[in-house]
Each structure stands twice: as structure tokens, then as C-alpha cells.
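Student: I am new to this structure. Please take me closely through its pockets, and then through whatever else stands out.

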Amino acid sequence: MRPNVMRFGILKWRPGLRRARPAAAELEVTRDRRLGGEGRISVDPARLLDGRNIPAIARLRTPRFRRRRRQQSFPAGKASSSFDLVAFVDEARYAAAGVDIDAGNRMVELIKPLVRRTARAGADAEIGGFGGLFDLKAAGFSDPILVAATDGVGTKVKIAVETSRHDTIGIDLVAMSVNDLVVQGAEPLFFLDYFACGKLDPAVGAAVVKGITAACRESGCALIGGETAEMPGVYQGGDYDLAGFAVGAVTRNEVLPRTDIAAGDVVIGLASSGVHSNGFSLVRRVAAATGLSWDNPAPFEPSRSLGEALLTPTRLYVKSCLGAIRGTKAVKALAHITGGGFVENIPRVLPKGLAVSLDLDRVPVLPVFKWLAGAGNISEREMLRTFNCGIGMVAVLERDEAESACERFAARGETVIRLGDIVRAGDGGGVEFRGHLDLSR
């Protein structure tokens, strides 16, 4: 039987044949009357469920069906036309809906060696169980506060998909969460990822996880689990989306921000690597308005394509910040400059009645931001509340210890910029600006 379309029906024994139990029996296929038609198929009855009716959705007239029949291995003495219909129908039922379990298994095998490299004290980074385990005592904590963070990469993922550059977007995913953890003074312990797509390509998934594991190693956290969801109909073509979840710990009396932030404290900034992972809906709109493709040379960095330059991964600040926190008594607060820019993020770590006074003339505006402001006709105010503008992390430091902390940051490879001071809040709210960003190209 080779029906022309997928059929919904019940496969059942013909009573006479069930009693005879021949080596290869015929099955009668009772179909939905709306679809019509009858047919027979030769199968091995010993492989069926003891004659029980089998609900089935079987797509039989396909190259995949014919290939599976040719490749089917049979026990000695069985007719070569026999095959395991139950196993085929069970697989076809899900595969025909667009979900390939085998592809998921292949991806798991590809990423296992990558995941193992993220092992650390407290976690062996073995995947495959129903949950990931972490031993706080083995990690050296006796009285910790757990800190959790979750984030994604926004529409930056569309550029990764459209340029087929998947190896760095996982770094962004980890950075967005672990940078938030360190703002609380926490050491990242473990990470979990969620990868959702319309049709799973194991190589693409493995490339994404390669970036995730690289960032986990750099941040000192273990990748202890994740989820790969193949959802046909929700995502189209090669589209996928990512979400990340990180958990860290900090000793109870070292939680940030501290309660002793005061007027006169020093405010510094740590340089960013680029746009990081915020504001990409506006970035993509500006790029579209200019008529540039992702393969064109980047106007702000002609040695690289526009897509490659914009995919520069988010900087990881974990080790430099933890080094300064643990090596000095200077760090009172940290602010990760993400969506909302300076305007929204810095006030989140300040006590009521205090504000930060920033000298915008000191901000090292990166060329990508100058291009965005000019090509998109974006105002300074909008730039400050959308992008990091060249500063990815802000630190509030005890004035007498500020120099020591700056040296610690620099020793870890950070570019340190003195931005301003903590002041008593005025009418301007939590952030007061002096000077202007240098947006000239």
C-alpha cells in the first residue's frame, strides 16, 4: 500500500489471519472515511503489540519510508519484506510533525566534551540527568546568599542567524547573566541554557553551545544543564532564540551594593567591547535604513563586515570585578550598563537621596555608537538611555581606596575611566550629566 497522503486511522488484524498467524500477515488499514481508500501492507505479526489495535499517523509514500524499508535489518528466517511497523509509526508520528529526536541526540553528543570543560569545584558538568547538581560546600561556601539572574540576547540573535555566525552569540548569553550576578558581589557558580528553534541543526546548536561553554570557563561557572526545544510552527526557517539562567553565591556580609555609599565617592567606568546585547532592534533598523547588508564593510570598522562587527560579543567583567572586590575594600556598588543605558541602570544601586554626576566628555564613545547616532539621527539623550556608549560596567568606589581598585581592574585587562562622583540628589534625579558625548564621526 502506498497511499498518496498522510492518513489517520486504525491498523487492525483481520480476524482470520490472526488465528492463522502466518509468517507474514496482512493488515487491513481502516481509514478515516473522509479520506477514503483501503489497502494492505505485509508485516511481521510477531513485531506487533500482540494483535492490539495501533493508533497511527503514518506517512508511507515518502523517500524516507522507502529508504527505511531498504535499510531495515531482519532476524534470520524472516521475510525480507517484513519490517517493524510499530517502531516506524511511533517515529513517523513525531518526525512527521517536524521534531527530529535523532538530531537532538546528535547535538547532545557534540556538546558533551564542551560541557565537561566547564567543570569546577561543586559541579562535574555532566549532562543527561533530569536536573543539574551543585555542591555549595565543595565550592567553599559555608554561609552564602544565592543570587540568580536570567536574560537573553534580544534581536542580536537575528544577525547571528542571517549571517550564519553562531559561535559568539553564546558568549553574549552567558555575559548578560553573569555580569548581573557580579553586580551583587556574587561569584557565578553554574549556568543553564535554553535553545529553541523551528528545525534543529545539530551543528548550529553545537556552535552556540561552544560559545556558551567558552564564556562559562572564563567566568568560572559550570554549565550543568540546558534544554533544546524544536518547535515547528513557532519559529520559521533557521530562526532560533536563546535564554540563559545563572546562579551565583556571595558571603552574607559581602553583598553589594553596600549601605555606606555616600556623597564624595568616586565613580569609574569599565570600557565596553561594543554594543553588547542591548538596543539591537534599533541597530537593525538603522542598518536597514542605510541599505547596507551584513556582508558590506562596516562603516565604523572597514576591515570587518557589518555583521561580524556588530556581533562582537559582550565583555565579561566577572573576574576583574571579583578581583577588585576581594583584593580591596573599595568597591561599594557596581552597575551593569544594559538596556536603559546610564539613565536607567546606575540609579538602581544608589540609596535614596543620592545621585551620580557624570562627565560625558570623558566617555570613550566607540566608533559603532558614532555611526549609529549619525546614520540613525539619534539624539544624545536617546543614546544615553538605549546604549552603553562605550562603558559596560560602572563602579562606585571609596575615595581613599579608589586608586588601589583602579589598579586591580587594570591588572585584569580593563580600561578604566574616571567618570564622576556621587552627589546629593537634585532635581535631575539619579543621574546628572555634565558635558556631552563625542558623537562626531
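Tutor: The pockets come first, then a pair of helices and two backbone details. This is a predicted model, in which local features need pLDDT of at least 70 and side-chain atom pairs count only at pLDDT 80 or more, while totals for chains, interfaces and linings use all residues. Residues are numbered from 1 along each chain as its sequence is written, and side-chain values use heavy atoms, with hydrogens and water left out.

A pocket here is an open set of points on a 1 Å grid over the protein atoms alone, where a 1.4 Å probe fits, with protein on both sides within 12 Å along at least five of seven lines; lining residues have an atom within 4 Å of a point. Points are joined across faces, edges and corners, and the volume is the space filled by probe spheres set on them.

The largest pocket holds about 520 Å³ of space. It is lined by 23 residues, and closest to its centre are Gly-104, Val-108, Gly-226, Glu-227 and Thr-228. Two elements give two or more residues to this lining, α4 (101-116) and β7 (222-230); helices (H or I, at least four residues) and strands (E, at least two) are DSSP runs, numbered from the N terminus. By class the lining of the largest pocket has 12 nonpolar, 7 polar and 4 charged residues. Nonpolar means Ala, Val, Leu, Ile, Met, Phe, Trp, Tyr, Cys and Pro, charged means Asp, Glu, Lys and Arg, and the others, Gly among them, are polar.

The second largest pocket has a volume of about 250 Å³. Of its 15 lining residues, Asp-180, Val-183, Gln-184, Arg-348 and Val-349 are the closest to the centre. At least two residues of this lining come from each of β5 (144-151), α6 (169-183) and β12 (331-336). The lining of the second largest pocket has 9 nonpolar, 4 polar and 2 charged residues.

Now the helices. The contact (heavy atoms within 4.5 Å) between α8 and α12 is made by Val-283, Val-286, Ala-287 and Thr-290 of α8 and by Trp-371, Leu-372, Ala-375 and Gly-376 of α12. These contact residues divide into 6 nonpolar, 2 polar and no charged.

Last, the backbone. Most residues other than glycine have a negative phi, and most peptide bonds are trans. Leu-256 and Pro-257 are joined by a cis peptide bond, with omega about 0°; Pro-257 sits in the loop between β8 (240-251) and β9 (266-271). Ser-164 has a positive phi, near 55°, and lies in the loop between α5 (156-163) and α6.
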